[in-house]
Amino acid sequence: MWLFLVFITLVFGLLAGYYAWTVYQKLEESQIGHPRVAELSSIIHQGAMAFLKKEYSWLAPFVGVVAILLVSALGLGAAFAFILGAACSATAGWIGMYVATNSNGRTTYAALKGIEDAEAGVDLGKSDAPAVEKHTAAGDALEVAFSGGSIVGMVVVGLGLAGLSLAYLFLNDVTALTAFGMGASSIALFARVGGGIYTKAADVGADLVGKVEAGIPEDDPRNPATIADNVGDNVGDIAGMGADLFESYVNSILAAMAIGATYAFTQGGEVLGLWGIGFPMFLAAWGVFASIIGCMMISQKAPFASAVRSITKKLPGMAGVVQRIEDGDAAFALRTGTFVAGGLMIAGTFVLSILFFFSNSMSVFLSVTSGVLAGIIIGIVTEIYTSGDYRFVQNVAASSDTGSATVILSGISLGMMSTGIPVLLICLATIISYYLAGMFGVAVSAVGMLSITGISLSVDAYGPIADNAGGIAEMSELPEGVRKITDHLDAIGNTTAAMGKGLAIGSAALTALALFVAYSQAAKIDKIDIMNPYVIVGLLIGGMLPFIFCSLSIDAVSKAAGSMIEEVRRQFREIAGIMEGKGKPDYERCVSISTHAALTQMIIPGVMAIAVPVIVGFVLGKEALGGLLGGSIVTGVMMALFMSNSGGAWDNAKKYIEEGHFNGKGSPNHAAAVVGDTVGDPFKDTAGPALNILIKLMTVVALVLAPLF
């Protein structure tokens, strides 16, 4: 029976891979018919892949050493699962980077060609350029960018589900299988920290010297750091984000499987066993199907997309919805695809709950639904706090009247305040799901949040592709209308991705809690007594770790950005004719600075996340380790919310001013906002998102090694 269940989930994982391959083949058919665009796309592609190759060469010995230690401590099964998890995570990052860097130039050219086809003879540099978006240009560019993003999303969930299924097929042991999550988390942490250091070092250097000091536009080809900045967008926001969501996805499933294997709904009742193991995997499998349908609603390049749209048109009230998508309304298309996937997910969860749990089906279904709804609402709250459409970001922008110091203070205040509602929602989802179905309910609510990762990540990954396309348009000196379209698509992606960020933050807390419970079961800990001094010590150490981790990450960005700033200033000063466009900037030197900083500075934070739980477990005991995990979850979630939302608010306050508010570009207000944005860059793109991985990695390390403590 269990072989049949695993085979079905494996098929759905392969289905995601088939979808990604089919879309990739269609994407490859679109060529770049502009020499400069093709050249820049190739330079960014080569730089990104070279960094990833070097990063993986650094990580391979680490994976080998940990695997050898696991063999000696826990046997071949755990080592096999660890290596497979690390390999799947690395492969997801590699494929995602490859596809994204082959999609950026195609997106630029699609926008250019669409404009030329729709408005032949129109002067695209004039103020009437935005009207072109009503024609086919924005729709064509969206099609290409989202195709690239959907490949990234489907590869992540496909490898995650297929990898878990294969590992379980060979091991048939949930305890050993948890090492798969440890491998995935290890690669994800290094990728997220390394990618974050790379991209923010380049971004900060390019902004502070280029925008503020030299007064030149973003992505201006005269700026030596601009290539490193565009490479960094892929390194951090594609490879890093893909590895991040890969580990979140698989660890949520693993936590639910570990609890489900030994869980009984009633005291003394029958243990769920196989049904508790299979349900999270089937939830994820159905999420793959729901995500594929959602992507088909958005992309015409998707296989069978025309058939899905034809069927949808016949449903009551849906003809106008489909027509609006086909007319090229990007924001509406992305939201509709996500909501369709979410609706299918909830409907499928209802059916699966009945099939798996009979009399307890409604308890499980409502547990999953409570988690999904909490994640969606957290996403909405995140958007309200970080979007320029609302007063919070507008207030941060207004504070630029009195300089950069008040911009920074208002952003910090906003980030701290923004933790309130999300934390209360996480608490509410935890209590509801626990009341309905115990800790198994809490665990599957996290799986529910991440079940449509396929389409959530597709929307997330589409944003950096559109952003890169805009940079290529600027460096290629294409008509202004092209950049307006790519910026428009990027802005839509940032807004739509707020829901994905909410799901990621909420699921991180719930998954870490579920993994914590699984650790307690594996270590045979009945309760954590805070009157025990060893537990208090563990709590304090755990609460401290996110702060030390953030300090190391931000300091790494600061040092690397300092080197980048000095290099850009040197080139502006020493290369003759660079500001007139006659001298050629040394792009490779800036790429080298970011690469060296990312690789050398990512080691200590990554090793710390694995070493500290092991040391505390062996030296202070399993109860102290339980305290450490509890302390890290509390402060880690708070810091992740605070830093991500502060950074997002500073970023969008800058963009709000650039739109013409508060004296617009080039004003003292703009300069103050750029300083705030550079402070926020490592907050939202390096330290903040990596904290989600940190708390889960430490918990899964404790879970894997629990038999030894």
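Colleague: Is Lys524 buried or exposed?
Modeller: The model is a predicted one. Lys524 sits in the loop between α16 and α17. Exposed requires over 50% relative accessible area. Lys524 has a relative accessible area of 67%, so Lys524 is exposed.

Colleague: What is the phi of Lys524?
Modeller: Most residues other than glycine have a negative phi. Lys524 is a residue other than glycine with a positive value. Phi of Lys524 is near 60°.

Colleague: Where is Phe358 found, and what is its relative accessible area?
Modeller: Phe358 is not a glycine, yet has a positive phi of about 50°. Its place is the loop between α10 (330-357) and α11 (361-386). Phe358 counts as exposed because its relative accessible area is 60%.

Colleague: Which residues touch the most other members of the largest nonpolar core?
Modeller: A nonpolar core joins buried residues through side-chain atoms within 4.5 Å. The largest one here has 240 residues. Those touching the most other members are Phe180, Ile259, Phe279, Phe440 and Tyr519.

Colleague: Which helix gives the most to this core?
Modeller: The core in question is the largest nonpolar core, with 240 residues. The helix that gives the most to this core supplies 19 residues. That helix spans residues 226-260 and is α6.

Colleague: Which residues is Phe279 in contact with, leaving aside neighbours within four places in sequence?
Modeller: Phe279 is among the residues that touch the most other members of the largest nonpolar core. Its contacts include Phe440, which is also among those residues. The full set is Leu352, Ser353, Phe356, Phe357, Val364, Val368, Phe440 and Val444.

Colleague: Which residues does Ser89 touch, not counting residues up to four places away in sequence?
Modeller: Ser89 is in helix α3 (residues 76-118). With a relative accessibility of 1%, Ser89 counts as buried. The residues that Ser89 touches are Ala184, Ile187, Ala188, Ala243 and Phe246.

Colleague: How is Thr178 placed, buried or exposed?
Modeller: Thr178 is found in helix α5 (residues 174-214). Beyond four places in sequence, Thr178 touches Leu254, Val700, Leu703 and Val704. Buried means under 20% relative accessible area. Thr178 has 3%, so Thr178 is buried.

Colleague: Which backbone oxygen lies 2.6 Å from a polar atom of the side chain of Thr178?
Modeller: Thr178 is in helix α5. The side chain of Thr178 has a polar atom 2.6 Å from a backbone oxygen. That oxygen belongs to Thr175.

Colleague: What separates the C-alpha atoms of Thr178 and Gly420?
Modeller: Thr178 and Gly420 are 242 residues apart along the chain. The separation of their C-alpha atoms is 32 Å.

Colleague: What is the accessible area of the nonpolar patch that includes Met544?
Modeller: Met544 is found in helix α17, and with a relative accessible area of 40% Met544 is partly exposed. The other patch residues are Trp58, Ile548, Leu552, Ile603, Ile604 and Val607. Helices α17 (533-574) and α19 (603-619) each supply at least two residues of the patch. Together the patch residues have an accessible area of about 560 Å².

Colleague: In which helix do Arg36 and Glu39 lie?
Modeller: Their side chains meet in a salt bridge, 3.1 Å from N to O. Arg36 is partly exposed at 27% relative accessible area, and Glu39 is partly exposed at 42%. The two are three residues apart, about one turn of the helix, and both lie in α2 (residues 35-74).

Colleague: What is the N to O distance in the salt bridge of Arg483 and Asp487?
Modeller: Both residues lie in helix α16 (residues 480-522), four residues apart, about one turn of the helix. Arg483 is buried at 13% relative accessible area, whereas Asp487 is partly exposed at 35%. The N to O distance between their side chains is 2.8 Å.

Colleague: Which residues are joined with Asp685 into one network of salt bridges?
Modeller: Asp685 forms a salt bridge with Lys684, with the closest N and O atoms 2.6 Å apart. Both Asp685 and Lys684 are buried. Through shared partners, the salt bridges join Asp685 with Lys200, Asp203, Asp651, Lys654, Lys655, Asp677, Asp681 and Lys684.

How values were computed
Residues are numbered from 1 along each chain as its sequence is written. This is a predicted model: local features need pLDDT of at least 70, side-chain atom pairs count only at pLDDT 80 or more; totals for chains, interfaces and linings use all residues. Side-chain values use heavy atoms; hydrogens and water are left out. Buried means under 20% relative accessible area, exposed over 50%, partly exposed in between (1.4 Å probe, protein chains only). Contact means heavy atoms within 4.5 Å. Patches are made of residues with over 30% relative accessible area and no salt bridge: like charges are joined within 9 Å, nonpolar side chains (Val, Leu, Ile, Met, Phe, Trp, Tyr) within 5 Å. Accessible areas come from the Shrake-Rupley method with a 1.4 Å probe; for residues, only the protein chains shown count as cover. A salt bridge is a side-chain nitrogen of Lys or Arg within 4 Å of a carboxyl oxygen of Asp or Glu. A polar contact is a pair of N or O atoms within 3.5 Å; within protein, one must be able to donate a hydrogen and the other to accept it, and residues adjacent in sequence count only if both atoms are side-chain atoms.
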